[in-house]
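I open this notebook to record what I looked up in one structure. My topics are helix packing and salt bridges.

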Amino acid sequence: MTEPMGVRFPQFYLTVPGPCPYLPERLERKVFTQLQGGLAAPLNDALTHAGFRRSQNIAYKPACDSCNACISVRIVAEEFEASRSQKRILRRNQDIESESHVPQATAEQYSLLRAYLDQRHTGGGMSDMTVLDYSAMVEETSVNTAVIEYRLKDAAFNESNLVAVALTDTLADGLSMVYSYFEPDLSGRSLGSYLIMDHVRRAVELDLPYVYLGYWVAGCSKMDYKAKFRPLEALTGDGWRPFNETHA
């Protein structure tokens, strides 16, 4: 079968096995393809629906031997109801203002990222990220991407401090949270959960049905927080299904 004139079908590749970042003593492999050209956005949409994630102009998905612990999950935005503890998080962060920007890296963002990585993810896969690496992560995109900044006003100095950042893709049917980070010294605010709920709010305002959270990993305690956002759907061999029916 030949390709139609002017159409280039994506080519998929498989990585060599490497240490799993989620489950100790396991190896991971990924299947990936490039996102480029005029079809990058619809291709990213289709691959996200199939369980892929985006990093710069690459879409990837775990393809591990004898392991399927990584499960793609998404929140049904209009049906989301905050729990009592989540409502407390929303009240606690009422003084935070957010604004969406074009995907452009700044020194202020990178400084916050370094503080986050140095305290929360020492020795992780991104721990040695340079400012050039960060710029590439934010700016190398061929899809509809935004950087959402979250700021807390300091009344004493009449200025606002950057406390969280989310790199977010807008898909045809939702928002995909590509990467987010926040001020580690403000642990009492539960900023990670707040950012997710703010994305639910944004999705509802944009009339988009879903917020894609990436992977929930069975057996990884660091991913347990994602299961607290209900209703949640998980990608199965039979398509997207309610999380509580498949991973209760």
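The entries below concern a predicted model.

**Entry 1: a helix pair.** I looked up how helix H2 (residues 84-92) and helix H5 (residues 191-205) are placed. Their axes come within 10 Å and cross at roughly 90 degrees. H2 is therefore roughly perpendicular to H5, since angles of 65 to 115 degrees count as such. I then listed the residues in contact: H2 contributes Gln86, Ile89 and Leu90, and H5 contributes Ser193, Tyr194 and Met197. I sorted these residues by character and found four nonpolar, two polar and no charged.

**Entry 2: salt bridges.** I searched the whole structure and obtained 10 salt bridges. I describe some of them here.

In helix H5, Arg202 pairs with Asp198, with the closest N and O atoms 2.8 Å apart. The two are four residues apart in the helix, so about one helical turn separates them. Arg202 is buried at 15% relative accessibility, and Asp198 is buried at 4%. I also noted that Asp198, Arg201, Arg202 and Glu205 are linked in a network of salt bridges.

In helix H3 (residues 107-120), Arg114 and Asp118 are likewise four residues apart, about one helical turn. Their closest N and O atoms lie 2.9 Å apart in a salt bridge. Arg114 counts as buried at 17% relative accessibility, whereas Asp118 counts as partly exposed at 46%.

Finally, I looked up Lys30, whose side chain meets that of Glu28 in a salt bridge at 3.9 Å, N to O. Lys30 is partly exposed, with a relative accessible area of 26%, while Glu28 is buried at 18%.

Conventions. Residues are numbered from 1 along each chain as its sequence is written. This is a predicted model: local features need pLDDT of at least 70, side-chain atom pairs count only at pLDDT 80 or more; totals for chains, interfaces and linings use all residues. Side-chain values use heavy atoms; hydrogens and water are left out. Axes are lines fitted to C-alpha atoms, for helices over the stretch in contact, and angles run from 0 to 180 degrees between N-to-C directions. Angles under 35 degrees count as roughly parallel, over 145 as roughly antiparallel, 65 to 115 as roughly perpendicular and the rest as oblique. Contact means heavy atoms within 4.5 Å. Ala, Val, Leu, Ile, Met, Phe, Trp, Tyr, Cys and Pro count as nonpolar, Asp, Glu, Lys and Arg as charged, and the others, Gly among them, as polar. A salt bridge is a side-chain nitrogen of Lys or Arg within 4 Å of a carboxyl oxygen of Asp or Glu. Buried means under 20% relative accessible area, exposed over 50%, partly exposed in between (1.4 Å probe, protein chains only).
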